[in-house]
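Me: I am new to this structure. Can you take me through it, feature by feature?
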Amino acid sequence: MIRDHEIAQLIQHEDRRQRRGLELIASENYVSEQVMAAAGSILTNKYAEGLPGKRYYGGCEWVDRLEQLAIDRLCTLFGAAWANVQPHSGAQANAAVMLAVLQPGDAILGFDLSHGGHLTHGSPVNFSGKLYKPHFYGVDKESGLIDWEKVALKAHEVRPKLMICGASAYSRDWNYVRLRQIADEVGAILMADISHPSGLIATGLLNHPFPHCHIVTSTTHKTLRGPRGGIIMMAKDFPNPMGVKNAKGELRNMSSLLDSGVFPGTQGGPLEHIIAAKAIAFGEALEPSYHQYTRQVKVNALALALAMTQRGYQIISGGTDNHLLLIDLRNKSCTGKAAEQALGKAHITINKNMVPFDTASPMITSGIRLGTPAITTRGLQESHMDQVADWIDRAIQGHDNDGVLKLIGQEVCALMEQLPLYVA
């Protein structure tokens, strides 16, 4: 029970927003009640710098077992041989990897943020673009797809020490086999950031980065449906190719460098209450019902893509292989910002998003991004997607008509009442 009235009231408002609305942000989801309970548990009191069995504090006997269980479940889920579950976020997981394998000024090659990449893959406003020398590949202007041979040409041109694959707004699968060939040709370490599609990968619905990628990072929310946090994994450990040695003059394994990249490299004590919540989510993802869930996420995304296309919307790359759609609104006379605001008034939460070769600023954008993880958790099926597309279309067409938006909002709330988020 929260006795701080102001905070309790704000939480209640957010609770009401989540229960009433249609959540279409591709990077959001709803955790189970047991995940939420662990995240708010007494474990928040425990400080535990270090790794299980190698702590700098006493009293860690139970959190050691808890964190090791999270590691074991994660390795089982993805077929990894090694994992670190301590990163507070996906951004910190990526920072830890870069700290472990790069020196300031080293060249990196990532997917361009303006084409659907991620801030931590080399953006000049982010640590990854400030500390390292970023280079980028993007999508073809006509097809909206990544041309792997152009990636190869770019890699041979810039000779990166780290190649990064993965995206926040790219709806197609990744050719990890070709990317590893390119990385080997230029002597680069290949890292896959699978933060968005990780759940679909874990259940075999998309190409798997193992064994092709040296290092894999991810968040634990989004399609994994866990608490907000990050993880790092490897299919197998190996001696680091940078030649870093320990105090005895022995070549350090990559796992040792990555562990050091997390602590003490980028953060102090791990959040053991969040690690407990991660462990529960990994356990849930190993259950048959989770496989059914991820299949429905993909089916819903395909159905929503079809319904939006039928209404004249241009989906970048022409469709989707995963859980999201990136839509160019320039043929609809509506900016991404205006669409986000209008849909918000209609109790539909989305995010404005730049599209490849955008002509608008990042704060305005020409596109929107839609995702199906949260609405699938809520219970929506492919049969609902035509209605969802109709609401989105009506809201965008009537983005300056509050009466239309209010009516759509009433319809949205009526459906959400039939699909309660958490049953009392």
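Me: Which residues make the nonpolar surface patch of about 370 Å²?

Reply: Keep in mind that this is a predicted model. The patch is made by Ile2, Ile7, Leu10 and Ile11. Take Leu10 as the example: Leu10 sits in helix H1, which spans residues 5–20.

Me: Does Leu10 count as buried or exposed?

Reply: Exposed means over 50% relative accessible area, and buried means under 20%. Leu10 has 56% relative accessibility, so Leu10 counts as exposed.

Me: Now the opposite case. How many residues of strand E8 are buried?

Reply: In E8, residues 189–193, 5 of the 5 residues are buried, so the strand is largely enclosed by the rest of the structure. Look at the two faces in turn. Ile189, Met191 and Asp193 are buried on one side, and Leu190 and Ala192 are buried on the other.

Me: In which sense do E7 and E8 pair?

Reply: First the general idea. Strands of a sheet pair through backbone hydrogen bonds, either parallel or antiparallel. Now the case here. E7, residues 162–165, pairs with E8 in the parallel sense, over 4 bridges. One contact to look for: Met163 has Leu190 in E8 as its bridge partner.

Me: What do E7, helix H7 and E8 make together?

Reply: They make a right-handed β-α-β unit, with H7 covering residues 176–186.

Me: Which bridges does E8 share with strand E9?

Reply: E9 is residues 215–219, and E8 pairs with E9 in the parallel sense over 3 bridges. Find Ala192, then look across to Val216 in E9, which stands opposite.

Me: What about strand E5: how many of its residues are buried?

Reply: E5 is mostly covered, with 5 of its 5 residues buried. E5 runs parallel to strand E6, residues 133–137, and 5 bridges join the two. There, Phe111 has Tyr137 in E6 as its bridge partner. E5 also runs parallel to E7, joined by 2 bridges. In that pairing, Leu109 has Met163 in E7 as its bridge partner.

Me: In what order do the strands of the open sheet with E11 and E12 come?

Reply: Read the order as E11-E12-E15-E14: 4 strands, with antiparallel pairing. E11 (314–315) and E14 (351–353) stand at the edges with a single partner strand each, so one side of each has no neighbour in the sheet. Further in, E12 (residues 324–328) and E15 (residues 367–371) run antiparallel and are joined by 5 bridges. Leu324 stands opposite Gly371 in E15.

Me: Let us turn to the rings. How many aromatic pairs does the structure hold?

Reply: The structure holds 8 aromatic pairs. Among them, Tyr47 and Tyr57 pair edge-to-face, at 5.1 Å centre to centre with 70° between the planes. Tyr47 lies in the loop between helix H2 (33–39) and strand E2 (50–51), while Tyr57 lies in the loop between strand E3 (54–55) and helix H3 (61–78). Tyr47 counts as partly exposed, at 39% relative accessibility. Tyr57 counts as partly exposed too, at 41%.

Me: How far apart, centre to centre, are Phe111 and Trp174?

Reply: That pair is edge-to-face as well, at 5.7 Å centre to centre and 85° between the planes. Phe111 lies in E5 and Trp174 in the loop between E7 and H7, so the pair ties together parts 63 residues apart in sequence. Both Phe111 and Trp174 are buried. They also belong to one aromatic cluster, formed by Phe111, Tyr137, Trp148, Tyr170 and Trp174.

Me: Where in the chain is Pro211 found, and what joins Phe210 to Pro211?

Reply: Check the omega angle. A cis peptide bond joins Phe210 and Pro211, with omega about 5°. Pro211 is in the loop between helix H8 (198–202) and E9. The bond from Phe263 to Pro264 is also cis, with omega near 10°. Pro264 lies in the loop between helix H9 (254–262) and helix H10 (272–285).

Me: And what is phi of Ser333?

Reply: Phi of Ser333 is near 55°, a positive value in a residue other than glycine. Ser333 lies in the loop between E12 and helix H12 (336–345). Ser333 counts as exposed because its relative accessibility is 67%. Arg225 also has a positive phi, near 60°. Arg225 is placed in the loop between E9 and strand E10 (230–234).

Conventions: Residues are numbered from 1 along each chain as its sequence is written. This is a predicted model: local features need pLDDT of at least 70, side-chain atom pairs count only at pLDDT 80 or more; totals for chains, interfaces and linings use all residues. Side-chain values use heavy atoms; hydrogens and water are left out. Patches are made of residues with over 30% relative accessible area and no salt bridge: like charges are joined within 9 Å, nonpolar side chains (Val, Leu, Ile, Met, Phe, Trp, Tyr) within 5 Å. Accessible areas come from the Shrake-Rupley method with a 1.4 Å probe; for residues, only the protein chains shown count as cover. A salt bridge is a side-chain nitrogen of Lys or Arg within 4 Å of a carboxyl oxygen of Asp or Glu. Buried means under 20% relative accessible area, exposed over 50%, partly exposed in between (1.4 Å probe, protein chains only). Two strands pair if DSSP finds at least two bridges between them. A crossover is right-handed if, with the strands pointing away from the viewer, the path from the first strand over the helix to the second runs clockwise. Rings of Phe, Tyr and Trp (its six-membered ring) pair if their centres lie within 6.5 Å; planes under 30 degrees apart count as stacked, over 60 as edge-to-face and the rest as tilted.
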